[in-house]
Amino acid sequence: MLETITCPGSSYHSYQVHAIIERRLSRNIIVSQPIRIYKHFSIEESLNRMLALNSIDRQWDNVAQYSVSIPDVNIPFGATFPVKLQVAPLSKGIKLQALTIDVVEQHELKISAPAVYSAQYNVHFLSSKQEHVIFSERYSLDDCIASESEGSDLEWCTTKTISLPQDLEACAQDVSLNTIRIKHQVVFTVELLGVREGLSMIKGTIPFNIYMSPHVISEHGTVRSVHIDGFHDDYLPPPPVYSKHQNDLLLPTAEDSMDTGTQRMNCEQLLNNVFVNSVQLDCAPSYDLVIRI
C-alpha cells in the first residue's frame, strides 16, 4: 500500500473512508472522511540515508574556505533544525555581505504515454520536473557575522535555524517510487564583496530526507513541533571493517634466552592478578596458560 502523498496544489495519492447507510424508502446516506497513511521509517532506510553527507567543506577558487553542515540527513516532518556556516577568506579585503538559506522541494513525475501518443511521436514515457521553495531566509552582514575567536577577523561562524512547514498541504515527505520522486535539499548562497572588485557568490546544496513519524503527526491530523537542538559533537566513528583491522601484538623477540625467560616470567606473574588489563601488557601471554577470573 502506497503512503499518502500530497503537496501544494496537488494530491498524488490520497485515501478516503466511505460509510454508506442504506435506506429502503429514501436515498442512501454516504459519508466520507479523508485519512492519511504513511510508511514507517525503517532502520534499513536510515542506514542507506547515512551514506549521504550532512556537511560540506570546500575551497572556492582560492578565495575562501567554507564549511556548511546540518545535524542529520534525516529530518522529521515539520521540524526545526540548525544550519552552521563557517567562512574563512584566503586574502585580505574580502567581506561577507549576506547569507541566503533556502529549502527546495523537487518533484519528478514519470508516467506511461498513451498508446496513440506513443505511436505518433515514438515516446513511451512522459516526465515532468518542478520545484518550489518551502523555506527561505536572507541574513544581512549584521545578522550573520560572528567571529570564531575574539582575536580573529578573518574567519566567520554563524548558526541559523531552518523551520520546515508544519502544514500537511504545504510540503511533502521524501518519496522514491518508479512514478514519483520527491527530494529536498538545503540551498545556501554566500555573498562576498571585494573579490575581483565586485560581488561574488558561493552556492551549494546539502540533500536531506524529510520523513513522517508517529511522534510528529497527532491523532487529530495536526503536526507537532519537533526541535533539533544542535549537532552531535560527541559522535564516535564506527569500528573499521575487517580488512583494515590491526593485528594482535606478538611476543617480542629477545636477543638471548635469558631475556625471553625473564619477560615471560614477568607476564605470567602479572596474569595471576585478576585486575590486570591484558591490553596494557607489554607482551602476549602463553597459549598454554589458563586464565581464571
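**Notebook: salt bridges, cores and a hairpin**

I started with K183, which is partly exposed, with a relative accessible area of 39%. A reminder to myself: this is a predicted model.

**Entry 1: salt bridges**

How many salt bridges does the count come to? I got three.

I stayed with K183 and looked for its partner. K183 forms a salt bridge with E108, and their closest N and O atoms are 3.7 Å apart. K183 sits in strand β13 and E108 in strand β9, so this pair ties together parts that are 75 residues apart in sequence. I looked up E108 too, and E108 is partly exposed at 26% relative accessible area.

Next I went to E169. E169 makes a salt bridge with R36, with 2.7 Å between the closest N and O atoms. E169 is in the loop between β11 and β12 (175-176), while R36 is in the loop between β4 (29-35) and α1 (43-49), so parts 133 residues apart in sequence get tied together. E169 counts as partly exposed at 40% relative accessibility, and R36 counts as partly exposed at 30%.

Then I checked R138, which forms a salt bridge with E191. Here the closest N and O atoms are 2.6 Å apart. R138 belongs to strand β10 and E191 to strand β13, so the pair ties together parts that are 53 residues apart in sequence. Is E191 buried or exposed? E191 is buried, because its relative accessible area is 7% and the cut-off for buried is under 20%.

My side note from class: side chains of opposite charge can pair when their charged atoms come close.

**Entry 2: what sits around A98**

R138 and E191 turned up again when I clicked on A98, since A98 touches R138, Y139, S140, T189, V190 and E191, leaving out residues up to four places away in sequence. A98 lies in strand β9 (residues 95-112). A98 is buried, with a relative accessible area of just 2%. I also looked up the spacing to R138: the two C-alpha atoms are separated by 7.1 Å, although the residues are 40 apart along the chain.

**Entry 3: the nonpolar cores**

Which residues have the most contacts inside the largest nonpolar core? They are I162, L164, V190, L192 and F208, in a core of 39 residues. I then listed the strands that each supply at least two residues of this core: β6 (64-69), β8 (80-89), β9, β10 (125-140), β11 (156-163), β13 (180-195) and β14 (198-211). β13 gives the most, with five residues.

I zoomed in on L192. Among the residues L192 touches are W60, V63, A64, I94, L96, L199 and I202. After that I found a second, separate core of six residues, including I5, V175, I180 and I182.

The general idea I wrote beside this: in soluble globular proteins, nonpolar side chains tend to be buried together.

**Entry 4: a nonpolar patch on the surface**

I also looked at the outside. I111, Y117, Y121 and L126 make a nonpolar surface patch of about 380 Å². I picked Y121 from this group: Y121 lies in helix α2 (residues 115-121), and Y121 is partly exposed at 48% relative accessible area.

**Entry 5: the hairpin**

Last, I went to the hairpin of β1 and β2. Strand β1 (residues 5-7) and strand β2 (residues 10-13) pair in the antiparallel sense, over three bridges. What is the bridge partner of T6 in β2? I found S11. Two residues lie between the strands of this hairpin, and G9 takes a positive phi near 80°.

Key. Residues numbered from 1 in each chain as written. Predicted model: local features only at pLDDT ≥ 70, side-chain atom pairs only at ≥ 80, totals over all residues. Heavy atoms only, no water. Patch = residues over 30% accessible without salt bridge, like charges linked within 9 Å, V, L, I, M, F, W, Y side chains within 5 Å. Areas by Shrake-Rupley, 256 points an atom, 1.4 Å probe, with all protein chains shown as cover. Salt bridge = Lys/Arg side-chain N within 4 Å of Asp/Glu carboxyl O. Helix = DSSP H or I, 4+ residues; strand = E, 2+ residues; numbered from the N terminus. Buried < 20%, exposed > 50% of the residue type's maximum accessible area, 1.4 Å probe, protein only. Pairing = 2+ DSSP bridges. Contact = heavy atoms within 4.5 Å. Core = buried A, V, L, I, M, F, W, Y, C linked by side-chain atoms within 4.5 Å.
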